[in-house]
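The following exercises invite the reader to study one protein chain step by step. Each task is followed by a worked solution.

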Amino acid sequence: MKSLAIIGAICFALSGCVVVSSSGSAPAAQQASANSGPVAAGSAGAQINAIRARVGLGGLQRNARLDAIARVHAQDMAKNKFFAHQGSDGSTAGKRATRGGYRWCTIGENISKGYSSQARTIEGWRTSPGHYRNMVNNKAQHFGMAKVGEYWVMLVAAKNC
């Protein structure tokens, strides 16, 4: 578990979290109170929406198109053995979303590697400030998530801001 925390810290320090349209995060006071403890495991949507509810935000809807876009990036990282927000073709989360047919106005991407379950992955993101900001983006409407091998990718986005 300690090695996962170190990996998470390195991930955050080196690659951070991609956020386009940064004005969509919850106020700092809400973030501090919401980050006070773990959220019970369940479906990804239930876990993410419980995190958002702690700061008074509505839930996100799972989006199959974002799931597919997240899967493409997870497959790219697994196949080409790298760990980054930038794809092997130089693409960003926004470019991949546009290429995948999701017309976005705000988008954030969380990536992780090595977590044993979806619940632990989301919990790891909850305790990382940049990843957490993506999950509580108050403009976000949808999310998509995928795992390929040991790589996890989550997109949080909105079509109309």
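**Exercise 1.** Determine which side chain makes a polar contact with the side chain of Asn 134, and describe the setting of both residues.

*Solution.* The structure is a predicted model.

Step 1. The side chain of Asn 134 makes its polar contact with the side chain of Asn 110, at 2.7 Å.

Step 2. Asn 134 belongs to helix α7. Its relative accessible area is 3%; because the limit for a buried residue is under 20%, Asn 134 counts as buried.

Step 3. Asn 110 has Met 154 of β5 as its bridge partner. The strands β3 and β5 pair in the antiparallel sense, over eight bridges. Of the eight residues of β3, seven are buried, and the strand is thus mostly covered.

**Exercise 2.** Establish which cysteines form the disulfide, and state its handedness and what it ties together.

*Solution.*

Step 1. One disulfide is present in the structure. Cys 105 and Cys 161 form it, and their sulfur atoms are 2.0 Å apart.

Step 2. The torsion about the S-S bond of Cys 105 and Cys 161 is about 85°, so the disulfide is right-handed.

Step 3. Cys 105 is located in the loop between α5 and β3 (106-113), while Cys 161 is in the segment after β5; the pair therefore ties together parts that are 56 residues apart in sequence.

Step 4. With a relative accessible area of 26%, Cys 105 is partly exposed. Cys 161, at 59%, is exposed.

**Exercise 3.** Describe how far helix α6 is covered, and find the residues that Ile 122 touches.

*Solution.*

Step 1. Helix α6 spans residues 118-126, and seven of its nine residues are buried. These are Ala 119, Thr 121, Ile 122, Glu 123, Gly 124, Trp 125 and Arg 126.

Step 2. Ala 119 is found in this helix. Its relative accessibility is 18%, so Ala 119 counts as buried. The C-alpha atoms of Ala 119 and Gln 47 are separated by 7.5 Å, although these residues are 72 places apart along the chain.

Step 3. Beyond its neighbours within four places in sequence, Ile 122 is in contact with Ala 44, Gln 47, Ile 48, Ile 51, Met 135 and Met 145.

**Exercise 4.** Identify the members of the largest nonpolar core that touch the most other members, and the elements that each supply at least two of its residues.

*Solution.*

Step 1. The largest nonpolar core has 18 residues, and those touching the most other members are Ile 48, Ile 122, Trp 125, Met 135, Phe 143, Met 145 and Met 154.

Step 2. At least two residues of this core come from each of α3 (44-53), α6, α7 (129-135), β4 (142-148) and β5 (151-158).

Step 3. Another core, of 17 residues, lies apart from it; Phe 82, Ala 93, Ile 107 and Ala 157 are among its residues.

**Exercise 5.** Decide whether Asn 63 and Lys 81 are buried or exposed, and place each residue in the chain.

*Solution.*

Step 1. Asn 63 lies in the loop between β2 (61-62) and α4. At 14% relative accessibility, Asn 63 counts as buried.

Step 2. A polar atom of the Asn 63 side chain lies 2.9 Å from the backbone nitrogen of Leu 66. Leaving out residues up to four places away in sequence, Asn 63 touches Tyr 102, His 142, Phe 143 and Gly 144.

Step 3. Lys 81 lies in the loop between α4 (64-80) and α5 (93-99). With a relative accessible area of 68%, Lys 81 is exposed. Lys 81 has a positive phi of about 50°, although it is not a glycine.

**Exercise 6.** Summarise the chain: its elements, its buried share and its exposed surface.

*Solution.*

Step 1. The chain contains seven helices and five strands. Their order from the N terminus is α-β-α-α-β-α-α-β-α-α-β-β.

Step 2. Of its 161 residues, 47% count as buried. The chain exposes about 7500 Å², of which carbon and sulfur atoms supply 55%.

Step 3. Among contacts between residues at least 6 apart in sequence, 71% join residues at least 24 apart.

Methods:
Residues are numbered from 1 along each chain as its sequence is written. This is a predicted model: local features need pLDDT of at least 70, side-chain atom pairs count only at pLDDT 80 or more; totals for chains, interfaces and linings use all residues. Side-chain values use heavy atoms; hydrogens and water are left out. Buried means under 20% relative accessible area, exposed over 50%, partly exposed in between (1.4 Å probe, protein chains only). Helices (H or I, at least four residues) and strands (E, at least two) are DSSP runs, numbered from the N terminus. A nonpolar core is a set of buried Ala, Val, Leu, Ile, Met, Phe, Trp, Tyr and Cys residues joined through side-chain atoms within 4.5 Å. Contact means heavy atoms within 4.5 Å. Accessible areas come from the Shrake-Rupley method with a 1.4 Å probe; for residues, only the protein chains shown count as cover. A disulfide is a pair of cysteine sulfur atoms within 2.5 Å. A polar contact is a pair of N or O atoms within 3.5 Å; within protein, one must be able to donate a hydrogen and the other to accept it, and residues adjacent in sequence count only if both atoms are side-chain atoms. Two strands pair if DSSP finds at least two bridges between them.
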